Amino acid sequence: MDEPDAAHQRNGPAAGARMHGLFTDADTGSLTYSLTLSDSCLTVQRTSSPSSSEHLDLRDCLGSRAHRGECEDQDAYLCVYFYPNRRRWMAWGPVRQRDERRFRLALSTDENDEDANLREAERWARAIRHNTGTARRPEHAHDVLFSEVRRPCGVMVLVNPQSGRGQAMALYNGHVQRMLTEADISHTLFITERRNHARDLVKNADLTQWDALVILSGDGLLFEVVNGLMERPDWEKAIQTPLGILPGGSGNALAASVHHYTGASQVWGEDLLTSCGFVLCKGLISKLDLISIRLSSGARIFSFLSLAWGFVADVDIESEQYRQIGALRFFVSTLVRIASLRIYQGKLAFLPAENDCESDTACFSTTDSQLPDHLLVPLEQPVPQDWTLVEEQEFVLVLAMFQCHLGEDLLAAPDARTDDGIIHLFYLTAGISRTMLLRLFRAMQSGTHMDCGCTNVVYRRVRAFRLEPLSEAGVITVDGERVDYGPIQAQVHRGVARLISA
């Protein structure tokens, strides 16, 4: 602790306490509270009722600050910001809710030292911030707390004001800015003005000036950022820059995944934003898989979320016409597409995850100096012999998941993790009834779709795959973004990037 005497007691000893003191309520000053700070909690007890005390878990604390009163009020105040999980009416489960605690210092001061109270309040604020940081340590050696690697540089916050229903700026002003301030995270806001604006910004930015890149938007803006980082000459170092995601779009699949990895109950909307904001300020810097994707045009892109062909891709792109209704657009588009179900002819091949991922039979000859795709061969060549071939047939969809969520309320790959080194490959063959298809997507909300007993659904854990559409017309999406239609292949590169997660 950064105090000269961590066990300093001003009003008598308290067992296991690092600090102990008297405060009054911030509004009237008529109630007196005894505050006790330990390594793991802040205990608040009304002196008029010694038998009742409240223990506030520092793992739920975002930050603390000391300040003077406004105008004529020169008293010193201590503010502590908590975001505990609490049950709320009409909610499925506990959600993080803001709980600000304000106290007025109850010290008499020497007339010759008017700042004594403020210094004492600042001492408390520093101690709470210190204990808040140590209350949650990473369980795994390769994970570190974001707060432990932050430099004085600050965070770049990228906002797409057009994402979702166009409310990203309102979310920033109403929630994000306040949480970053409470956590004492300095940041600079960048508002994107056009497609690929974020890609160009991070491609040319001096990344030594930033502790992290935070995206307040849908998944498409992070797709731009990831590919912008990978296009830099110093890509290997650039892609190590921690990435943070805050839901501000319609799909918000990665944000929902980050929330899911905390183990908390499913949430949506502003509750999801609060959860991801808390994770951003308190979370771990974890490894993130990147998937290298080779398009028929010869272009190479990098993905962190998903690749879709058929039903899912059609819904994603065709739902754009319903953008004004937000996340509900996907539900509406799903019903429309089920009513007029399409099937696609194609071929699929994949390398099972249990096979030797260092197979000598594959070697992609390329001039790229970054992340060689050692599991792939050029698209015009047959796949290696240790791959599994799916015979040419009619598909309703092919979906490759790299994180657990496909949308805020679609838990497509429940077992997926940020750096599992696995592509979770699903494909759905023709012949499925519309009723069963609807049932599958309803079950996907809870991640139980594989328990429906549908023989048309196949799930495989793979390291790489190749898709060859044979139907003339169709849509392929990567991270929700439309890409060239035609043969396509991909392989996973484990733990290449960094994500602020749980």
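**Exercise 1. How are helices α10 and α11 oriented to each other, and which residues make their contact?**

Solution. Start with the direction: α10 and α11 are roughly antiparallel to each other. To see why, look at the axes in this predicted model. Helix α10 covers residues 328-339 and helix α11 residues 434-444, and their axes cross at roughly 160°. Angles over 145 degrees count as roughly antiparallel, so the label fits. The two axes come within 10 Å.

Next, take the handedness: α10 passes α11 in a right-handed crossing. Then list the residues that touch. From α10 come L335, I338 and A339, while α11 brings R434, L437 and L438. Sorted by class, this contact has five nonpolar residues, one charged residue and no polar ones.

**Exercise 2. At what angle do α7 and α8 pack, and which residues of the two helices meet?**

Solution. Begin with the geometry. Helix α7 (residues 253-261) and α8 pack at an angle of about 65°, with their axes 10 Å apart. Angles of 65 to 115 degrees count as roughly perpendicular, and α7 and α8 are therefore roughly perpendicular to each other. Their crossing is left-handed.

Now turn to the side facing the partner. In α7, the residues are A255, A256, V258 and H259; they meet L272, S275, C276 and V279 in α8. By class, that gives six nonpolar, two polar and no charged residues.

**Exercise 3. Which parts of the chain does the ring pair of Y83 and F278 tie together, and are the two residues buried or exposed?**

Solution. First, the count of aromatic pairs comes to 10. In the pair of Y83 and F278, the ring centres are 6.4 Å apart and the planes stand at 50°, so this pair is tilted.

Second, find the two residues in the chain. Y83 sits in the loop between β6 (76-82) and β7 (85-86), and F278 sits in helix α8 (residues 269-282), so the pair ties together parts that are 195 residues apart in sequence.

Third, check accessibility, remembering that buried means under 20% relative accessible area. Y83 has 1% and is buried. F278, at 5%, counts as buried as well.

**Exercise 4. What kind of aromatic pair do F190 and W210 form?**

Solution. Read off the geometry: the centres are 5.8 Å apart, the planes make an angle of 80°, and the pair is edge-to-face. Then place the partners. F190 belongs to strand β12 (residues 187-191) and W210 to the loop between α4 (197-204) and β13 (212-217), 20 residues apart. Finally, compare their surroundings: F190 is partly exposed at 23% relative accessible area, whereas W210, at 13%, counts as buried. Elsewhere, ring pairs link F23, Y33, F103 and W124 into a cluster.

**Exercise 5. Where is I185, and how many residues separate I185 from G154 in sequence?**

Solution. Locate I185 in the loop between α3 (168-182) and β12. Its relative accessible area is 5%, so I185 is buried. Now bring in G154: the two residues are 31 residues apart in sequence, and their C-alpha atoms are 6.5 Å apart in space.

**Exercise 6. How many helices and strands does the chain have?**

Solution. The chain comes to 11 helices and 26 strands. To round off the picture, 55% of its 502 residues are buried. Of the contacts with a separation of 6 or more, 69% are between residues 24 or more positions apart.

Conventions:
Residues numbered from 1 in each chain as written. Predicted model: local features only at pLDDT ≥ 70, side-chain atom pairs only at ≥ 80, totals over all residues. Heavy atoms only, no water. Axes fitted to C-alpha atoms, helices over the stretch in contact; angles between N-to-C directions. Helix = DSSP H or I, 4+ residues; strand = E, 2+ residues; numbered from the N terminus. Parallel < 35°, antiparallel > 145°, perpendicular 65-115°, else oblique. Left-handed = near helix turned anticlockwise from the far one by under 90°. Contact = heavy atoms within 4.5 Å. Nonpolar A, V, L, I, M, F, W, Y, C, P; charged D, E, K, R; others polar. Phe/Tyr/Trp six-rings, centres within 6.5 Å; stacked < 30°, edge-to-face > 60°. Buried < 20%, exposed > 50% of the residue type's maximum accessible area, 1.4 Å probe, protein only.
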